[in-house]
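Good morning, and thank you for joining this meeting. Please take a moment to look at the sequence and the structure, and then I shall go through two regions in turn.

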Amino acid sequence: MTAADLKEHQHIIDQLKALTKSAEFEPLFLQLTADLAKSKQFLLKMELKRLAQPCDFFIDLRGHVDGEVRPYNYRDKTHYMDDQAVRLFETGIAQFGQYTLGVYEEVMNADNNFRVMHRKETAQRLQSVLQKNTLTTTASEPEPETSADNNDGIKLIQFGHYISRREERMNFGIDVEVRFDNNRFMASTSDLSVSGCKLKIPKGREAEVGQHINIAFKGLEQEFTLELAHGVDYQLLDIEQQDKFSYWRLKRLADDQEQQFSRFLQQFIHGNKRRYKVNLDNATDAVITKGYEQFFLPHINCLPVFFNLMDKVVTARFALTTDYNKHIWHYFLDEQQQPVLPALLTAKRLNQLLKQDTEQKSALLYTFTHAAKGKLYFYSATNIELEESLALRQLFFGFGAGKNSFRVFQLCLLRTSDQDATQHYAVPAGAHQQSEVATRPPPLIQGIIKTLRFIVSLTDISQQHSSFWYQQYTYAPEQLRELNQFACRRAAITAPCEAIPVHYVNLRAESRYLYKTSISIEQGADLPSIQGFSRDFSAGGLQIETEQAVTFSKGQRVLLALPDLQKITNKFQLQQLPYEVMAVSKSKTIMNLRVPPTEQSHPGRLFFQQLIQSNRAKLTLAEETPKYPGMSEALRNMYLKVQNSFAFYVHRKGIRYDVNVVGRGLQLNLLHRLLSLPQGQADTLQLEPLLQNNAANLQFASQLKNMKRFDAPYSYELYMRLSAGSVDPAKLSSHYDYEFNTEQDKQDFIRQALQQDLLFAFKIFLSRTGRLDADYITKELNYISIYAIHKAKSLEEELWSVAGVGEVLDISAEIPLRFGIELTAEQQKRQKQFLLQVSQPVS
């Protein structure tokens with residue numbers, strides 16, 4: 001990096017740094033530095049020669065820049081750089097003619113480097129402090145509110161909600177005369193399409209939604225011959241009130257006499273849309289919604305189970321699995337690896353949920369297993385069933401919590417329809433060879449899903465200390481026989497329930513290829529080598545299967561030999577190749593290996609790179625073929641459009657982490673309503689209770705920095721306390737579980753809150769995000785890029801800055817049961833009245 005005392009001469013360095021080996025260097029250098037002292041000339045020349053020195057430094061920007069880092073090969077060496085770094089690298093190579101120290105420093109000091117950004121922000125803060133100390137301010141002038149304390153910019157995303165348009169709209173303002181009843185006044189258009197328009201109406205003009213309105217296009221008639229003596233008829237669909245104006249959204253009424261006007265509008269919009277700009281609001285909203293959906297869906301912690309309804313018989317048919325909910329699916333597999341969910345989620349339990357008079361139909365499911373004579377027996381009960389008998393509840397909790405398999409799940413019932421499986425686009429039909437605004441699933445899938453009517457989501461809300469508290473329930477041993485009524489009767493399973501994995505982008509840095517070849521793992525001088533074979537490979541790693549179980553664990557290094565592949569190459573030594581263990585299967589016979597990051601000239605990597613380049617057409621990609629092509633996308637769409645989760649997104653902006661985007665489902669859940677209390681509007685949230693004490697930067701950010709994309713989510717519990725009989729948000733206080741010193745302190749707080757006030761509890765699952773699967777937003781993003789490339793880039797930057805996603809679940813019903821607190825009838829009534837009050841529709 002150029003020394004500080006030479007910074008003032010940076011313009012000279014920039015002009016000469018690429019000419020140090022040119023004959024033009026000396027005369028140009030003397031000309032540009034003629035007015036400098038000899039000592040300064042000497043330092044400048046030494047600096048220029050330093051920058052032009054050949055460099056062999058390895059560049060690895062992973063975790064150091066605000067951008068997507070990918071492998072970049074240059075002269076048999078793999079660097080890891082983002083797009084901006086690649087541009088700087090290639091520009092520097094073109095200037096210097098080779099890889100030099102100047103190129104290296106240019107790349108390492110890019111504007112999006114976190115170190116550089118931190119240095120700039122520190123300098124700005126220091127400058128701000130210095131100015132604040134030197135300038136005098138009057139005591140009456142309030143200091144401006146900082147962005148960290150300002151929650152006015154919260155963006156609320158409704159999953160599964162997109163507005164499709166059949167045709168393009170153009171932002172176009174033209175004078176029109178509005179006529180209805182005895183009213184006549186001038187207004188102007190805001191946007192215009194063949195079948196509708198939006199009008200900008202002066203304040204004070206009123207009309208009713210549904211009213212028929214006649215429009216005379218005075219502005220157009222001055223330039224074109226329209227022959228519309230009686231104007232054009234429209235219907236008023238919606239009114240949006242603003243401070244000085246109101247906007248009326250109109251739909252054109254069918255009229256056979258105005259086909260000529262329709263053709264005129266089509267030609268006019270097509271010919272002028274680049275001049276006046278196509279309205280991109282719908283496409284922009286769809287990119288944002290679908291982009292955040294694609295971060296949320298692969299990280300859902302609940303297991304959505306889809307139910308058939310045929311001949312009045314309800315059966316569990318499919319479960320939508322991800323890397324984050326797969327443990328729930330595995331928990332409900334018996335000794336023969338068959339799912340027992342159909343026997344646990346019975347029609348009786350679904351009816352218990354359907355009969356609830358609350359907006360969210362949910363219950364708690366308590367389970368444990370018992371192994372005997374080679375079989376696995378499941379026991380389960382809902383909190384609704386256990387309310388019937390206090391003794392039975394104490395028996396189930398006291399005995400079941402003593403088992404390692406004891407779990408607490410929350411069930412939530414959602415209604416669905418096969419119509420929700422349709423994939424919608426926000427690109428107008430016919431726009432740039434895009435003839436569809438929606439895609440239905442394939443006919444085979446439509447036939448399978450047409451009877452799906454319900455979704456039950458199961459979320460494991462078991463806490464680390466849950467079992468301890470449930471074990472405090474006492475029971476009489478002679479009562480154990482009564483637990484048989486909660487045993488799972490698997491004979492009742494009439495149809496299998498199948499797991500359908502979420503189709504998501506392959507997040508591997510490199511493609512994998514199927515290839516079987518012998519491998520040998522060295523164990524040391526006194527131990528025989530472990531034999532096996534490869535299952536697939538990439539340039540950076542292998543998946544291997546061994547003949548015997550291994551004792552290696554994640555993070556260990558092994559030495560690998562490839563005897564069969566060694567026979568086909570003399571250029572590379574394929575013996576004693578160091579690899580790092582990334583994962584080991586439960587059977588201890590399958591391992592995922594990668595080339596250690598520190599091994600820059602790894603013979604295995606170089607060999608496989610050459611093998612792939614020379615045989616790409618012959619190699620078989622390692623891709624899974626789904627049993628039902630299109631089923632994953634269909635179930636994905638069905639779940640997104642009816643789920644009721646609260647999701648929030650953690651954005652990384654330089655060295656700061658912000659939370660200002662929240663996702664919601666079809667229905668608002670309790671946390672949405674609590675956070676909207678200050679304004680009384682569903683689309684306006686105050687996140688202070690969720691982000692108290694700078695939780696985003698002090699808790700969420702520090703946790704995300706220590707997590708990898710494949711790591712299990714980190715969970716928190718959040719308790720919100722509200723004064724009884726009050727909906728004043730100022731009286732809403734929140735406490736995270738990590739704020740309590742002991743579990744006993746936590747129980748004392750909860751007991752007091754339940755006795756005196758209202759208490760709401762939430763479980764937060766925080767996950768690290770990976771690369772965005774852009775397949776679902778490609779059509780809309782390409783459409784936006786045609787008309788506004790800057791807007792498309794801005795949308796991409798917003799989505800790529802997502803570092804983590806949090807899913808929040810209401811566990812208020814489980815807390816009193818966990819801590820053994822019996823609510824009185826008065827307390828239950830008080831809690832229920834408040835829930836009914838806040839669940840009323842809000843504006």
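By class, the residues that line the second largest pocket divide into 20 nonpolar, 12 polar and 9 charged. I should say at once that the model is a predicted one. The pocket in question, the second largest, holds about 1400 Å³ of space. Its lining is formed by 41 residues, and those closest to the centre are Thr358, Asn383, Ala813, Gln831 and Leu835.

Which elements give two or more residues to this lining? They are two strands, E13 (361-372) and E32 (758-768), together with the helices H13 (383-386), H14 (390-400), H20 (670-675), H25 (814-818) and H26 (825-838). Helix H26 supplies the largest share of the lining, with 6 residues.

I now turn to the second region, strand E10, which covers residues 245-252. How many bridges join strand E9 to E10? There are 7, and the two strands run antiparallel; E9 itself spans residues 232-241. A hairpin of 3 residues connects E9 to E10. Within this pairing, Glu240 has Tyr247 of E10 as its bridge partner.

Strand E10 also pairs with strand E7, residues 196-202, again in the antiparallel sense and over 7 bridges. Here Gly196 finds its bridge partner in Lys251 of E10.

Finally, the two faces of E10 may be set side by side. Ser246, Trp248, Leu250 and Arg252 make up the covered face, whereas Phe245, Tyr247, Arg249 and Lys251 lie on the uncovered one. Both bridge partners just named, Tyr247 and Lys251, thus belong to the uncovered face.

Key
Residues numbered from 1 in each chain as written. Predicted model: local features only at pLDDT ≥ 70, side-chain atom pairs only at ≥ 80, totals over all residues. Heavy atoms only, no water. 1 Å grid on protein atoms, 1.4 Å probe; cavity = no way out; pocket = protein on both sides within 12 Å on 5 of 7 lines; lining within 4 Å. Points joined across faces, edges and corners; volume = space filled by probe spheres on them. Helix = DSSP H or I, 4+ residues; strand = E, 2+ residues; numbered from the N terminus. Nonpolar A, V, L, I, M, F, W, Y, C, P; charged D, E, K, R; others polar. Buried < 20%, exposed > 50% of the residue type's maximum accessible area, 1.4 Å probe, protein only. Pairing = 2+ DSSP bridges.
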